[in-house]
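Reader: I have a few things to check before I set this one up. Can we start with the strands and then go to the cysteines?

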Amino acid sequence: MRLALKPSWVWILLAVCVLAVSVVVVQWVQGDTLLAATAEPHTVAASAPAAEAVLDSTTQQHTLAAVRALAENSTGDELPAADVPSSDNCIACHTNQTLLQELAVEPEKVESELAAGEG
Amino acid sequence: MPPVEAWQKVLVDEKFLTEDVHSQPGCIACHGGVSGVDDKDKAHEGLLPKASAQANRACGGCHVGIVAEARTSPHRLQTGYLAVMSERGADFTMPETVKAYTTHCTKCHADCGDCHISRPSALDGGLIAGHQVKRVASVFVTCGGCHSARINDEYKGVHEGIPGDVHWEKAGMPCTKCHTMEEFHDGQHGTRYDTEPSVDCVDCHQEDVQITTDNRQHMIHMDSVQCQVCHAAGEYKSCSNCHTGKDDKGIAYTTTDPSFMTFKIGRNPIQSDTRPWNYVLVRHVPTNPDLWAFYGDNLLPTFDNVPSWKATTPHNMQKITPQNASCNSCHGQTDLFLTADDVDPSELEANRSVIVTRIPPARPEVEP
């Protein structure tokens, strides 16, 4: 009863505190979710317990290390840009068979004269 | 494979734009390039033709699990090569080894788009279905484009005088009937023989190999002879003597001797509970101790650890074959077995585990 009789500034202060706590909690939850989403590909690729069980010899562990190194170095990790410009010019050309027949050229194949055999 | 014109390789089908969800982000989201310009060269500035080379960026946003797993799959990283080369002593911390490997041995590597959108790079690329993204874009272009001479040609009976595989000729089974998505995407195992067989003949032919079967030959040979030894329809392709290097213009090149047809039964070098047989078919693979000699000395110091006549599973299966016509179509037939005389003297040590030293003797003929 006494609390209800407090001046209005006490209620305002209480409301601000509740709001601040809510904002902190929401941000924490969102941040955790994003972190999990971006980390998942690395986590899955790097752990794979079944593969560890198979690769038990020194040589195979060496191979696994090489595989991991190549995997880490050869994949772009950027996420798609949120704001992508229009692709209208790409579509206009790449759906126009006549235009493509005029413009498309096979990239020059660079092949050594010393190459021989299949594969 | 028939050649494809340059324009056909880049013509986008309206269906892709109207029906395929993968078109929604817009071309530039995956491929880069410049918006709003009509000039070809300017529009292509910063272009990434093979968007899935950056798999996380292009595909991983939605296909999180598969992309993560496939990052280390045999198709993407050619883990089979890495495993075998490691056993042959390749040290992938040495710059010379990495240079040799990445210059010559990773050409066939496949990213997502190589199987689901385009013809493989080995066929000079190009869209298969106007950029539509397919679970299986085209079995014989996608799979056969890379696994051509040693699988596709056997399966379809391209080799003169040797029938194709009964699973294709009679049943019309595409590769994906036996080989599953998990097999293509699974990551981090070495060669395909380092894990249990992903597909086994007995998965379908269980009744034929039961203990109670009427087939006496199956009863006798089931655990001692790989199915293909009796049921491969004939010879299959072997290759040899691969060398790598760069010419005086700095262009990388590979040389191999002309391929040759072989049918050789060897001892099983990968015997296990799931591959218990004493005998398997073997074929020579394009390798030799000097494979990377251009890049450095002795880069494969333990070459002899792995046979150059490798256990193999030819894809030309038939019920009746020349070698299973009777007992003595195989027993006592020295020519069918890999003996020391078939092996190059410099590779004898590497092939000790597969060379057959005692040919199964001829037997009194019995009813099959």
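Reader: How do β6(B) and β7(B) pair, and over how many bridges?
Author: In this predicted model, β6(B) and β7(B), residues 309-312, pair in the antiparallel sense over four bridges.

Reader: Which residue is the bridge partner of B:Val282 in β7(B)?
Author: B:Ala311 is the bridge partner there.

Reader: And how does β5(B) pair with β6(B)?
Author: β5(B), residues 264-267, pairs with β6(B) in the antiparallel sense, over four bridges. Across that pairing, B:Gly266 stands opposite B:Val280.

Reader: Is β6(B) mostly covered or exposed?
Author: Mostly covered: six of its six residues, 279-284, are buried.

Reader: Which side chains point which way?
Author: B:Tyr279, B:Leu281 and B:Arg283 point one way from β6(B), while B:Val280, B:Val282 and B:His284 point the other way. All of them are buried, B:Arg283 and B:His284 included. In a regular strand, side chains alternate between the two faces of the sheet.

Reader: Cysteines now. How many disulfides are there over all chains?
Author: Zero, from a search of the whole structure.

Reader: Why no bond for B:Cys112?
Author: Because its closest cysteine sulfur, in B:Cys59, is 3.8 Å away, which is too far for a bond. The cut-off is 2.5 Å.

Reader: And what about B:Cys108?
Author: The closest cysteine sulfur to that of B:Cys108 is in B:Cys146, 5.5 Å away, so that pair is too far for a bond as well.

Reader: What is the relative accessibility of B:Cys108 and of B:Cys112?
Author: B:Cys108 is at 41% and counts as partly exposed. B:Cys112 is at 24% and also counts as partly exposed.

Methods: Residues numbered from 1 in each chain as written. Chains lettered and ligands numbered in written order. Predicted model: local features only at pLDDT ≥ 70, side-chain atom pairs only at ≥ 80, totals over all residues. Heavy atoms only, no water. Buried < 20%, exposed > 50% of the residue type's maximum accessible area, 1.4 Å probe, protein only. Helix = DSSP H or I, 4+ residues; strand = E, 2+ residues; numbered from the N terminus. Pairing = 2+ DSSP bridges.
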